[in-house]
Amino acid sequence: MNLNRKFPFTRLRRTRSKAGLRSLVAETSLTVDDLIQPIFIKENLSGEEEIESMPEIKRYGLDLLNKEIEEIVSLGIKAVAVFPVVDEQKKDPAGLEAINEDNFLSKAIRQIKESFPELIIIVDVALDPYTTHGHDGVLDDKGDVDNDASLLTLKEQALVLAKAGADVIAPSDMMDGRIRVIREALEENNFKNTVILSYAAKYSSKFYGPFKEAVESAKFFGNKTKDTYQMAIGNINEALHEVSMDIEEGADIVMVKPGMPYLDVVRVVKEEFKIPTFVYQVSGEYSMLKAAIARGWLSQEVIKESLVSFKRAGADCILTYSAKEVAREL
Ligand code: PBG
């Protein structure tokens, strides 16, 4: 390749001069197949509720859930990630409601599958919706999250979700060894095609702030941190270590989270492992863009631009609260 040819033989503006040419030389594309819509559902709610810190995103009761899914499906989106807001009465320090086969999320999965058997349902494995302290696992006597004790419940939670019909189990708890324990349990219980999407490089990020309001866990969690299990924001070699462990333990797909502040991580993970790599444009990223758009400081197009940046960095697929609105534009 000779990059030394000089002007006017080389005019990079030639291929920019017409829309048709620009699309012929486009290196990155964004289609509806790249998008996953996260949705919030709330136990005992009928109808829907606004989420103040996430403009246009709502919590749905089971009575309105299928209508919302219908719209998502009609836009061509192939997968949803479902996050439950669990009845406060059902929370306890051990997060035991997570392993109740008839819990709210299991009911929701069965309800969705009945009407939309082709839609891919992704669900988190983590105890934070179910614990009174809001951590993703159970605590030891010093108040830290107990890795190996948490694995016992997380494994059962994964089985409950697989049994309910979830296609993709997404451990977001960041305990060591969870992928292996969950994979073994799925194999032993004849869920050999249940996909594990590991939140492998999940950072201890303040960009999750609005999510905590969305799932109403803020008041349980207070201003604690998840620093003893989620990754330190400055580490990238450790992300490769995490990802390699999770692949070895049986993950089918890995994820980087948050998205835009961690594009370098997406890039190295994809280059190093060449396995399906997803990225999560998290609540804080969404709300930040929406807030600026609402004030007229940025135009609507920045959302698509942010999603293209994920694809350019190497992501195969994007979890984004903007999936629906972008699918409508595409
Ligand atoms: C729970 C979980 C979180 C998110 C997804 N799953 C929050 C956290 O770990 O504190 C964040 C998603 C978002 O901010 O959009 N383990």
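How far from an N or O atom in the side chain of Ser283 is an oxygen atom of the ligand? In this predicted model, the two atoms are 2.7 Å apart. The protein covers 99% of the 400 Å² of accessible area that the ligand has on its own.

Other side chains also offer polar atoms to the ligand. For Lys212, a polar side-chain atom is found 3.0 Å from a ligand oxygen. In the case of Ser172, the ligand contributes a nitrogen atom, which is 3.0 Å from an N or O atom of the serine side chain. Ser283 appears again when the surroundings are viewed as a whole: 17 residues surround the ligand, and the closest are Asp124, Lys202, Lys257, Ser283 and Tyr321. Sorted by class, this shell comprises 7 nonpolar, 3 polar and 7 charged residues. As for the space that the ligand takes up, it is the largest cavity.

Lys257, named above among the closest residues to the ligand, also deserves a look for its backbone. The peptide bond that leads from Lys257 to Pro258 is cis, with omega near -10 degrees. Pro258 itself belongs to the loop between β8 (253-257) and α9 (263-273). Another cis peptide bond joins Phe7 to Pro8, here with omega near 5 degrees. Pro8 is placed in the segment before α1 (19-24). A further backbone feature is found at Glu56, a residue other than glycine whose phi is positive, near 75 degrees. This glutamate sits in the loop between β2 and β3. For context, most residues other than glycine have a negative phi, and most peptide bonds are trans.

The strands on either side of the Glu56 loop bring the description to charged pairs. Across the whole structure, a search finds 26 salt bridges. One of them pairs Glu49 with Arg59, with 2.8 Å between the closest N and O atoms. Because Glu49 lies in strand β2 (residues 48-50) and Arg59 in strand β3 (residues 58-60), this pair ties together parts that are 10 residues apart in sequence.

Technical notes: Residues are numbered from 1 along each chain as its sequence is written. This is a predicted model: local features need pLDDT of at least 70, side-chain atom pairs count only at pLDDT 80 or more; totals for chains, interfaces and linings use all residues. Side-chain values use heavy atoms; hydrogens and water are left out. A residue is near a molecule or strand if one of its heavy atoms lies within 4 Å of it. A polar contact is a pair of N or O atoms within 3.5 Å; within protein, one must be able to donate a hydrogen and the other to accept it, and residues adjacent in sequence count only if both atoms are side-chain atoms. Accessible areas come from the Shrake-Rupley method with a 1.4 Å probe; for residues, only the protein chains shown count as cover. On a 1 Å grid over the protein atoms alone, a cavity is a set of points where a 1.4 Å probe fits but cannot get out, and a pocket is an open set with protein on both sides within 12 Å along at least five of seven lines; lining residues have an atom within 4 Å of a point. A molecule sits in a cavity or pocket if more than half of its atoms lie within 2 Å of its grid points. Ala, Val, Leu, Ile, Met, Phe, Trp, Tyr, Cys and Pro count as nonpolar, Asp, Glu, Lys and Arg as charged, and the others, Gly among them, as polar. A salt bridge is a side-chain nitrogen of Lys or Arg within 4 Å of a carboxyl oxygen of Asp or Glu. Helices (H or I, at least four residues) and strands (E, at least two) are DSSP runs, numbered from the N terminus.
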